[in-house]
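Subject: A structure for you to look through

Hi,

Here is the structure I promised to send over. Have a look at it first, and then read on for a tour of what turned up.

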Amino acid sequence: MKIEILTRTENQEIQNDIVIQIRDLMNHKNLEPGDKLPSERSLSDKFGVSRTSVREAIQKLEFYGILISKPQSGTFVADIGQIAMNGMVNEILRLEEPDFKSLVETRILLELKTVRLAARRRTKEDLKRLKNSLDAYKQKVENAEDAVQEDLLFHLGIAKASGNSTLNTFMLIIIPEILTNFEKYHVCDKDMAFKGIQEHQDIFDAINEQNPQLAREKMKVHFKNLYQYCYNI
């Protein structure tokens, strides 16, 4: 499995413009709460942008609850008052791209929780997935190959094993941008990568033994160098 690296591009400005135009449709009563959103093709033609840009803008509004996607039915305007909706859209447009330190801090906070849940809730299938990621990481490191993606797949496996879909979603959101910065700043040098083999094994063992406290402690050890590196950039 390969993680797609997503970076911020000039398309962000186009997305924001689409968000504004959808907001205007709501403000001018062309779209009411509960109304079905026009098709991507229709909005693409109306706004003079690509369907891909429309889709990404819609996904952003869905993420923040302004639009609601219903399988086999379409996308609908959420039942949010106009004042609240405008306030939420304004905040979305003001959102800044998170810096690397913020991403790492968020990841650490999330994973200290997810690893405890994973230790309590993991299934045999979860353990198998984690073991495969661990073995793939070890093989890459021992062959002197870049193992950043295998490292992060292991951590995504922990999020999956937590049994909490929201935590899992948050990890999926921040992981690609962290991956980009790992490669940009060459975070994982050779020594850290080799240390990671044993650290991953310790985390896996604690999850396997269903020991939440030990799993959390091993995760804190694993993040120590990363946290220090984050503050020294």
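Let's start with one residue: Lys140 is partly exposed, with a relative accessibility of 24%. Its salt-bridge partner is Glu150, and the closest N and O atoms of the two are 2.8 Å apart. This pair links distant parts of the chain, since Lys140 belongs to helix α6 and Glu150 to helix α7, 10 residues apart. Glu150 has a relative accessibility of 15%, so it counts as buried. Please keep in mind throughout that this is a predicted model.

**The other salt bridges**

How many salt bridges does the structure hold? There are 7, and two more of them are worth finding on your screen.

- Asp126 and Arg129 join their side chains in a salt bridge, with 2.9 Å from N to O. They are 3 residues apart in helix α6, which means that about one helical turn separates them. Asp126 is buried at 7% relative accessible area, whereas Arg129 is partly exposed at 30%.
- Asp135 and Lys131 also meet through their side chains, at 3.0 Å from N to O. Here the spacing is 4 residues in helix α6, so again about one helical turn lies between them. Asp135 is partly exposed at 35% relative accessible area, and Lys131 is partly exposed at 33%.

**The overall layout**

Now step back to the whole chain. It has 10 helices and 2 strands, and along the sequence they follow the pattern α-α-α-β-β-α-α-α-α-α-α-α. The chain has 233 residues, and 42% of them are buried. Among contacts with a separation of 6 or more, 74% are between residues 24 or more positions apart. The chain exposes about 13100 Å², with carbon and sulfur atoms supplying 49% of that area.

**The hairpin**

The strands β1 (67-70) and β2 (74-77) pair in the antiparallel sense over 4 bridges. To trace the pairing, look for Ser69, which stands opposite Thr75 in β2, and for Lys70, whose bridge partner in β2 is Gly74. The hairpin has 3 residues between its strands, and Gln72 takes a positive phi near 65° there. Gln72 is not a glycine, despite that positive phi. With a relative accessibility of 89%, Gln72 counts as exposed.

Where does Gln210 lie? You will find Gln210 in the loop between α9 and α10. Gln210 is another residue other than glycine with a positive phi, near 55°. At 42% relative accessibility, Gln210 is partly exposed.

**Inside the protein**

The largest nonpolar core has 35 residues, and those that touch the most other members are Val115, Phe154, Ile158, Met171, Ile203, Ile207 and Met219. The elements giving two or more residues to this core are α5 (100-121), α6 (124-142), α7 (148-161), α8 (165-185), α9 (190-208) and α10 (212-232). Helix α5 provides the largest share, 10 residues.

Met219 makes a good starting point for exploring this region. Apart from neighbours within four places in sequence, Met219 is in contact with Glu111, Leu112, Val115, His155, Ile158 and Ile203. A second, separate core has 20 residues, including Leu43, Ile58, Met85 and Ile92.

Is Glu111 buried or exposed? Its relative accessibility is 0%, and because buried means under 20%, Glu111 counts as buried. Glu111 sits in helix α5. Not counting residues up to four places away in sequence, Glu111 touches His155, Ile158, Met171, Met219 and Phe223.

**On the outside**

Phe63, Tyr64, Leu95, Phe170 and Ile173 make a nonpolar surface patch of about 460 Å². Tyr64 is in the loop between α3 (51-63) and β1, and it is partly exposed at 33% relative accessibility.

One last spot to visit is Ala144, in the loop between α6 and α7. Ala144 counts as exposed at 69% relative accessibility. Its C-alpha atom is separated by 9.7 Å from that of Phe194, although the two residues are 50 residues apart along the chain.

Enjoy exploring, and write back with any questions!

Best wishes

Terms used
Residues numbered from 1 in each chain as written. Predicted model: local features only at pLDDT ≥ 70, side-chain atom pairs only at ≥ 80, totals over all residues. Heavy atoms only, no water. Core = buried A, V, L, I, M, F, W, Y, C linked by side-chain atoms within 4.5 Å. Buried < 20%, exposed > 50% of the residue type's maximum accessible area, 1.4 Å probe, protein only. Contact = heavy atoms within 4.5 Å. Patch = residues over 30% accessible without salt bridge, like charges linked within 9 Å, V, L, I, M, F, W, Y side chains within 5 Å. Areas by Shrake-Rupley, 256 points an atom, 1.4 Å probe, with all protein chains shown as cover. Salt bridge = Lys/Arg side-chain N within 4 Å of Asp/Glu carboxyl O. Pairing = 2+ DSSP bridges.
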